[in-house]
Amino acid sequence: MPADQTEHPAIRPEHQLPQPTDAAPPRRSTAVRVLMWVVILLVFGLGFWLVLRHQEATTAKAPRGGGGPVTVTTVTAQKGDIGVYLDAIGTVTPVYTSSITSQVNGIVTEVHYREGQIVHKGDSLIDIDSRPYRATLMQAQGTLERDQNVLAQAKMDLQRYHEAWDRRAIPKQQLDDQEKIVLQNQGTVKLDEGTVQFDQVQVSYCHIVAPITGKVGLRLVDPGNVVQSSGTTTLVVITQMSPITVIFTIPEDSLGAVQERLRNKAVLTADALDRGGQQKIATGKLLTLDNQIDTTTGTVKARASFENKDAALFPNQFVNVRLLVNTLHDATLIPGSAIQHNGQTAFVYVLQDNTAHMRTIKPGVTDGGITQVTGVSPAEVLANSSFDKLQDNSKVVIAANPPAPGNAPGGPPNRGNGSGGRNGAAPGSAPGNPSGPGNAAAPGNTSTQGNANSQGSTPH
């Protein structure tokens, strides 16, 4: 046996010692790193929380707007009139539309109108060949003339028989027979007169005239066309343009207020606006309401009349209608831009002694940017800008804006006339822009709506 085998005997596996491994040190190192990161995150979180608490405490102690007075523009509550309107969608509908068809058979000989022409009642439109009907009329007139002479002869014989009967020269039966012959001839003459009148009507149908005054549409027939009395071909369409009406719908909930005004013989003004509802096309008045409510929509149809002398309203045109139902007089009016909302609560900032006081109000009717409110007295000055910086009891500085056009510096603002019978509802508004709410500044200052939304403006 070799020597190396003798010196190193074989060792059985179960008696071998376990070899050292590197698993334990990595586990201890990972735990230490996790613990360090947890400590670091806790330290950062605590620091961030302390910073936030410090900022909240600083914000709660310091007033909004950087702690100084807030620069605002102002408006003044005014007393005036404002209209109560109903807005609706309507369609321009002519009072009369005449679609003329032929009442006789024949060939069109003349077309007298031009496309788009304004024709008057009685103007010639179309001629149809009337020669066959004139011939028939002549025959009927000849028959009538013959029977009239027969009747005249019978009346002469009756006169002779009366004279003979007075002398007892003829029997009574012959006189009675002659009287009945006269009556028979009278009936024949009446029948002939009816035939003549019928043929005259047929002849008149060959010359078609305008039944109404209105605008003619596109030409539908030409000379040489054959028309039939039993056909449905329309020869010409005439639509009355002036006056014209607009049919629109109003909610059934507003029906009571409208009916009350109509029962009092009030004239309700209706304005027709364009599709966008921005430009007024025409002004008219309410004529009547329909006799029943549409159960599918809960609305009732109404018809308003417009003079339409300039043809601004076109048949079947889509328009928006504003119906003036009522006018509130001596109401307190402010621009809608001065009203703020907190949920369902509306409020304004009333300025007194350069301090803003929050006051809850109740807004009512709105028209052209002007709102009728309760809770504010006329002549009170309200804030109209910088609402993000204002709070109750904030100190304010009133911005001195240039006067509105047409107002003398330091003088009273103009009182524009808004739509819907509102007089002076736009305090401080420039002439020609009644619908935009103007702003009356504090005494000696005048501000315009153009500066109402400016933030952080400095006084001059």
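Q: What makes the sheet with the order 8-7-5-10 an open one with edges?
A: In this predicted model, 4 strands with antiparallel pairing make up the open sheet 8-7-5-10. Strand 8 (207-209) and strand 10 (226-227) each have a single partner strand, so one side of each remains without a neighbour in the sheet, and these two stand at the edges.

Q: How do you know that strand 5 and strand 7 pair?
A: Pairing requires at least two bridges between two strands, and 3 bridges join strand 5 (residues 106-111) to strand 7 (residues 124-128), which run antiparallel. Within strand 7, Ile126 is the bridge partner of Val111.

Q: Which are the edge strands of the open sheet in the order 4-11-9-6?
A: This sheet, again of 4 strands with antiparallel pairing, has strand 4 (97-101) and strand 6 (118-119) as its edge strands, each of which pairs on one side only.

Q: What makes strand 9 and strand 11 a pair?
A: The requirement is at least two bridges, and strand 9 (residues 214-216) and strand 11 (residues 234-239) meet it with 2 bridges in the antiparallel sense. Lys215 stands opposite Thr239 in strand 11.

Q: Why does Gly375 count as partly exposed?
A: Its relative accessibility is 42%, whereas buried means under 20% and exposed means over 50%, so Gly375 falls in between and counts as partly exposed. Gly375 lies in the loop between strand 20 (370-374) and strand 21 (381-383).

Q: What does Gly375 touch, not counting residues up to four places away in sequence?
A: With contact taken as heavy atoms within 4.5 Å, Gly375 touches Arg359 and Ile361.

Technical notes. Residues numbered from 1 in each chain as written. Predicted model: local features only at pLDDT ≥ 70, side-chain atom pairs only at ≥ 80, totals over all residues. Heavy atoms only, no water. Buried < 20%, exposed > 50% of the residue type's maximum accessible area, 1.4 Å probe, protein only.
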